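Reader: Hi, I'm new to this one and would like a close look at a single part. Could you take me through the strands that pair up with one another, and how they line up?

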Amino acid sequence: MKQLVLSLQQKYGMFKLNYDSVYEAACLLDDSPDKLAWAKKWAEEYKNRDITTCRDIELPESDGTLLGDMLPLFVLLPSVEDMVAQYEKRGLRDSMDLDQIDGCISAVEKRIGRVGINRRYFDWLSNYLKCRLFRCGVFRVEVGTHKRPALVLRHCCTGRYEVMMTAGTFHRSGNMLGSAGCTDTEGSFEADFCETDDEYRGHLAKDGLVSPQYVTLPKSEWEVYIKPQDDMLSLHIPKGVRLTRENIRSSVKAARETVKKAYPEWDIKAVGCYSWLLNPQLSGILGEDSNISVFGSSFVRWPVKTDGMDVFGFVFPQTHGGYHTLPENTRLERSLKKLYTDGGYILNTAGILIE
Ligand SMILES: CC(C)(COP(=O)(O)OP(=O)(O)OC[C@H]1O[C@@H](n2cnc3c(N)ncnc32)[C@H](O)[C@@H]1OP(=O)(O)O)[C@@H](O)C(=O)NCCC(=O)NCCS
């Protein structure tokens, strides 16, 4: 593996931050026959799997050593040349982020104090290694399918969107039962979705919350905008970008055009996002005109099951000495510090962009 690390570094300069650690781990791996055999076996498997089944690869629990923490990386690295070839074939060489692997190693260090690759980043990096993610405007755009239980309908005359949940159990607040702060079952309800020849029946989500009211929407008036398993683009938001209306619009337009050329086999129905940034509470905290609120309100939104901890990493440091020690430099930090200290959460929310 050390030869592979050396050659990737020489060819692409892939590890600007963590080269020494990666090289040391590769040397340790070359001297550990059992671990080397494991890495080679799964690297070969990984090459032949599609992105969904890559997520099924079981990663060994780290023993807390450098090699233990880094082992999953050596399943990924032998696919880097294939990845570059795939991006080149699709004409996306310049939209590929070769430094993502290095960035993920550092992100793990921020989280646990030691460099490595864990499950979360292994799965994230698969988007790159399987050529499903490219940079476009202010976003990173993922080509994939709509996996969440939400049917998005559009009114034939008015163009209004509605989200009907096709599965799930909901807390009386309208969030998913089991999300942070939403665990008691009193007043909870099921999606009970039903489609007949003429109607859709179920519960609608509005501004990220599902209503207990059971409604019927006639097919004569409502057309399917996107249904589960349809092809879609997902937006990922890099740190520090400017989420103005114009940037959102032009980036999505460019992404749709790029996908038509680079991924002609995909029939993209809609553009979606899953993030803490979509939580409608943020408009109340930051005001309707803040960039985050503008971005969030550009989507029709529904709740997802979440632990409410993504702001640790995206807003606050991942490791801290308790909520009372969190920084208060910005309006968002001040409000969220109070919210979490008082026992509240910002739950991740999913949505489909209104275009
Ligand atoms: C997306 C992002 C660029 C938006 O930032 P923005 O353009 O400043 O957003 P807003 O204009 O709505 O900000 C309103 C207030 O919140 C603050 N704020 C916004 N995002 C913040 C963050 N991540 N950390 C701390 N404060 C933040 C702003 O500084 C501003 O406060 P101020 O007026 O006191 O300066 C920013 O949140 C970010 O970089 N996030 C990290 C990436 C991320 O979360 N991706 C999604 C992963 S699922």
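**Strands around β8**

Author: Let's start with a short partner: strand β7 (residues 194-195) runs antiparallel to β8, and two bridges join them. Keep in mind that this is a predicted model. In that pairing, Glu 195 sits opposite Tyr 200 in β8. β7 and β8 make a hairpin, with three residues between them.

Now follow β8 into its other hairpin, the one with β9. Strand β9 covers residues 209-218, and seven bridges tie it to β8, again in an antiparallel arrangement. If you want a spot to find on screen, look for Arg 201, which faces Thr 216 in β9. Two residues lie between the strands of this hairpin, and Asp 207 takes a positive phi near 50° there.

β8 has a further partner, strand β4. Here β4 spans residues 161-165 and β8 spans residues 199-206; the two run antiparallel, with three bridges between them. Met 165 is the residue to pick out, as it stands opposite His 203 in β8. A handy thing to remember while you turn the model: side chains in a regular strand alternate between the two faces of the sheet.

To place this in the whole protein, the chain is divided into domain 1 (2-131) and domain 2 (135-355). The centres of the two domains, taken over C-alpha atoms, are 30 Å apart. Where they meet, eight residues of domain 1 are in contact with seven of domain 2. On the domain 1 side, that contact is made up of one nonpolar, three polar and four charged residues.

Notes. Residues numbered from 1 in each chain as written. Predicted model: local features only at pLDDT ≥ 70, side-chain atom pairs only at ≥ 80, totals over all residues. Domains from an automatic or database assignment. Contact = placed C-beta atoms within 7 Å. Nonpolar A, V, L, I, M, F, W, Y, C, P; charged D, E, K, R; others polar. Pairing = 2+ DSSP bridges. Helix = DSSP H or I, 4+ residues; strand = E, 2+ residues; numbered from the N terminus.
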